[in-house]
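Visitor: I would like to be walked through this entry, with the reason behind each label.
Guide: Then let us look at it together.

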Amino acid sequence: MLEKLKQVQEEGLKSIKEAKDEQELEIVRKDLTGKKSALAEVLKGLGKEDVETKKSVGMKANEIKNLFAEKIKEREDEIISNKSVLDEPIDLTQPGLDVEGGALHPITQMCYDLNDAFLSLGFEVYSEDDISSEKFAFDNLNFAKDHPARQSMDTYWIEGTEEKQGNERLCLRPHLTGGSVRYLLKHGAPARFVYPGKVFRNETTDARHEKAFFQYEALIVDKDFSFSSGMVMIETILERVFGRKVNVRMREGFFPFTEPGYEIDMECLVCGGKGCRVCNHNGWIEVMPGGVIHPNVLRSANLDPEEWTGFYVNIGLDRLVMMRYGVDDVRYFHSGDLRFLKQFK
Amino acid sequence: MKVSLNWIKKYVDIPESITPKQIAYDVTVRTVEVEDVIDTKEKYHDIVVGQIKEIKAHPNADLLKICIVDIGEEKPVQIVCGGSNLYEGELVVVSKPGAEVIWHGEGEPVKIKETKMRGESSYGMICGAVEVFLDKLFPPKEETEIVDLKGINCKPGENIADALGITDIVLDIDNKSLTNRPDLWGHFGMAREIAAIYDLKLKPLKEVKPDKNLPKYQVEIKEPEKCPRYTATEVTGLCEKESPLWMKVLLINVGLRPISAIVDITNYVMLAVGRPGHAFDRTHVEGEKIIVRNAKKGEKLLLLDDNEIDLTEDDLVIADTKEPIGLAGIRGGKKDSILPETTGVVFEIANFTAPTIRRTDKRFDEKTDSAIRYEKNLDTETVDLGISLTLELVKEIFPESKVVAYTDIYSIKTERAKIEVSQKFLDTRLGKVLEQKTIEKVLKNLGYDVEYKDRVYHVTAPVWRSTGDVSIKDDVMGDIARLLSYESFEKKPLPVKFDHAVKQNDVLLERRLKEYLAYRCGFNEIFTYPWMDDKYIKAAGLNIERPIKLATPPAPELSTLRTSLVPSMLEVISKNLRYYSDFKLFEVAQVFENKEYHPSTKEETLPLHKKYLTGSITGKDAKKIFFEAKGVIERMASYTHMESLTFKQVEKPSWADPNAYLNIMHGSTVVGSLSLLSAKAMLEAGIKRTNVAIFELNTDLFVPYPSRTNEFKHLPQFPLVEKDLSIIVEENTKWEEVESAIYKMVKELEFIEEYRGNQIPQGEKSITLRVKIGNDDSTMTSEQIDNKMNAIMKTLNKKCNAELREE
């Protein structure tokens, strides 16, 4: 009898192990524990046996029954944990589906990055109109009467005003700086603000020159302010753009609206300052002009230069974006060409 | 401008320990930008002095000779040469193997190798001037001529650059960085700056003054305001002659070509002390009198380059008693030029004011060295340096010459700027307290006079900086800061202020609009120019009554400034269609309207500026893209936190399809439009086989919310029941009517689709809508649901004449 049970147990465990999926396992379960199972057959045949045998065989049979139940549960768990939701094979190397999304212009993106940085330093964002008068574009900024930038070879004058002067001579703004006086006239001092925007110059275009380009200018006006604090603005810009600290140097530069004025160079990121083709072998790249606001400009803004001083930084975003991404032709920015714009999602 | 360090060293001794690279760096940081440091010897490597010991005939070539040449090595070498002026004992220029020469003076440099010429070995090459960059110093008279170093103190084997004194370091300075420094347009000024940077001693210049008892040369100044000072020095006993080697070499090293001793002297003086001069042949000055006057109407001047120019009354000219002979400070006339037979000249060293020069010089594309300097506003005092150096050089080069007459008409003198600078001002603005000693040293090195009294520096600027460059205390502060180098000042963090956090709703709204379109709606932002192309103005059907135009537009068809962003948008769409079929674009920019607006004072009148947002969706299915665009605008207000926008048909935009346009409203104000692009506009803009939905909005009329306005609603406690309903209505029934008929009866109402087809009778259409219904206080029973749906259908039937569509 016990021999028979041993055989039932062995065969039963084998069939549990061999069940491949839930359906097969269900059949096995019926075979092993149902009314017609081998185990039931054995128990049925017990009638003729003595009590002792009945007892020991009965106990053994129950034991086997429990074992089957346990093993079936184990096998069930095993099958479920290996079960896939897929009912057919999958090629995992196929590409994922596209995410539909547009993009801001790479220059807008850079502009917003800088806005965020300056906002954290308490700067406001200001914008002046695209068309300005000679008074704000040049006179207020201490440009000499016969400064070459005032000529139509450089500046886009509006037809019908080109022979007039000052307030009445209008142009597409050739730089942002004129906006600084507008802001100061409106809001007074102390002030700290950035004023990004497009500017326009009558230039012949090539890979490095455009008729319209994007500048980003920042100005602080305050009392008891030293030019060395201005350097912090410069580092803010460059750290934000390049994501790490960039070495900069300030050197002498000249602009009508600053005194003193600076050219700000950054260490060439291509060669790390050792000198390469990109930096013309001197290790430094000119990135932006800046300087202390000229007393005459403060006067234009109705501020007393004895009391107030300030610091400008002006950065050409086109050039910076070109450096950020390695773009080699400035004309892409105004091309509207999606093959270009889609790269900056 | 090129600056020779050899030349600088005539005025200041620079210690060996300061390398040229260091000088370039320090000058760049403190004074002017050095763009390049040029080692003039570099291109002369392996090019040496040789002496021809013996000349033999070449066995295989009539025109070639075999030369045995001493090049300073153990044994003389054999070189084959075809030069026409070879002789034994001649000192020549030899390019050894490894040297790089310009073959016959044309093309890129070629490396010399030891070779055989017609069977005879040749160790290098005996060179002509054009082959080894010496043509300026030894202008060849014929092509086959080689350089003959006769008369030059040199020995075989010596590097040719060393032998001729060419070896030098030249700093190439960016002229733009020199615009405000008239004093740096000569080597002496640059030497003074370098001396100041390193605190070195500047050697004084030799002073030579014309004899006081000399007769006066006749000069008349009619325009003293334009010509504050004029000196004329008449010299005789001159002749056609070359300048000495040292002078020629210096001129060549800084980029000039020596011409003749007389002309070279004026150039040398200009490059040394920054004073442009001019030499007139004395016999060409009619009446032996110089008159500085405005040109007369109708007068003409023939220039050296044979160009005749018409003069205006604005032009200042140098004239003799008969006619103009030169354009003051700019260019000489043909008549006054120095010729080989010239034996006497009148040297002019003068002062012409910058505006005078700039006005007249505008007519020329290229500026002369003289005009470049006068334009920067030279002072009147350093004229003396020019006279002194001219006299010194004339005496040195033409020992037999004689100064026979001299005049100095000095009407207006440049006054040195006097400025007071307080210690407190410097401490604050420099952000660092400097010792009095330091400040005085820096300023004195730059030529200032300084007196310190009661914590105030009373400074007198040097005369050569007093023509505008230095006039206020900020200039003095700038000089101190730059000379100590900006790098030496510690960077001070910005003081933080806590008055108020910056919050600018209009600025934020613009950003939210752009980010909404780009990131939520899949639009790409474009930039276009502020002017429009006539072709696309026409395509967009714009009729601009009083256009604002550019006086000098980039091209004739690009003269009109934009009143709408649509024309440029059409242009960009048509260009992108070459590569893409479905895309969405937008631009935010200002447009202009010819109305008056005063941003500052009444006197300043600008055209009206409006900030527009224009977007487009390009794709084949016109209805689909139209409603896609409509969805973008419907959701715009809530996503960007501004007051809501609605639609109403008011006026058709010129570019719109006659059947598919809507105006966009804020309250009762029209803020823009949405439409399909008309077939006509697409045809004229070259937009083919597709459709465009286009919207344009005036964002100035948007009203941002001061903060977010989302409102919390309690979640429904009892489940809502969702039911779809297809109804049949007449073709002209609008969704708006369906919606307003039943929206109050349901919790939610949604448009699903519109359908026309076989099963739908002609002149009618089917609309499928989805409703959600429910009770506020219990779950709906099926009976309640049926009743509600019947009621809805009944209302639709009554108000919209709708029938249930049988499946």
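**Labels and their cut-offs**

Guide: Helix α7(A) has buried residues that pack against β2 (131-133), α6 (134-137), β4, β5 and α9 (295-300) of chain A. The model is predicted: local features need pLDDT of at least 70 and side-chain atom pairs pLDDT 80 or more, while totals for chains, interfaces and linings use all residues. Residues are numbered from 1 along each chain as its sequence is written, chains are lettered from A and ligands numbered from 1 in the order in which they are written.

Visitor: Which residues of α7(A) are called buried, and what makes them so?
Guide: In α7 (residues 178-187) of chain A they are Gly178(A), Gly179(A), Ser180(A), Val181(A), Arg182(A) and Leu184(A). They are called buried because each has 20 or more other C-beta atoms within 10 Å of its own (exposed is 12 or fewer, partly exposed in between; C-beta atoms are placed from the backbone). After the helix comes Gly188(A), with a positive phi near 70°.

Visitor: Why is α5(A) called a helix, and what span is expected of it?
Guide: Helices are DSSP runs of H or I with at least four residues (strands: E, at least two), numbered from the N terminus. Helix α5 (residues 106-120) of chain A has 15 residues, so it qualifies. The expected span is 1.5 Å times one less than the number of residues; for α5(A) that is 21 Å, and the helix reaches 22 Å from its first C-alpha to its last, which is close. Among its buried residues are Ile107(A), Leu114(A) and Phe118(A).

Visitor: How do you know that β4(B) and β5(B) pair?
Guide: Two strands pair if DSSP finds at least two bridges between them. Strand β4 (residues 65-70) of chain B and β5(B) have five, in the antiparallel sense, so they pair. Ile66(B) has Val80(B) of β5(B) as its bridge partner. Both strands belong to an open sheet of five strands, ordered β5-β4-β3-β6-β11 (chain B). Its edge strands, β5 (77-81) and β11 (125-126) of chain B, each pair on one side only.

Visitor: What radius of gyration would a compact globule of 807 residues have, and what does chain B have?
Guide: The rule, taken over C-alpha atoms, is 2.2 Å times the number of residues to the power 0.38. A compact globule of 807 residues would come near 28 Å, but chain B has 42 Å, so chain B does not match the globule value. Its C-alpha atoms fill a box of roughly 130 × 85 × 60 Å along the principal axes.

Notes:
Contact = placed C-beta atoms within 7 Å.
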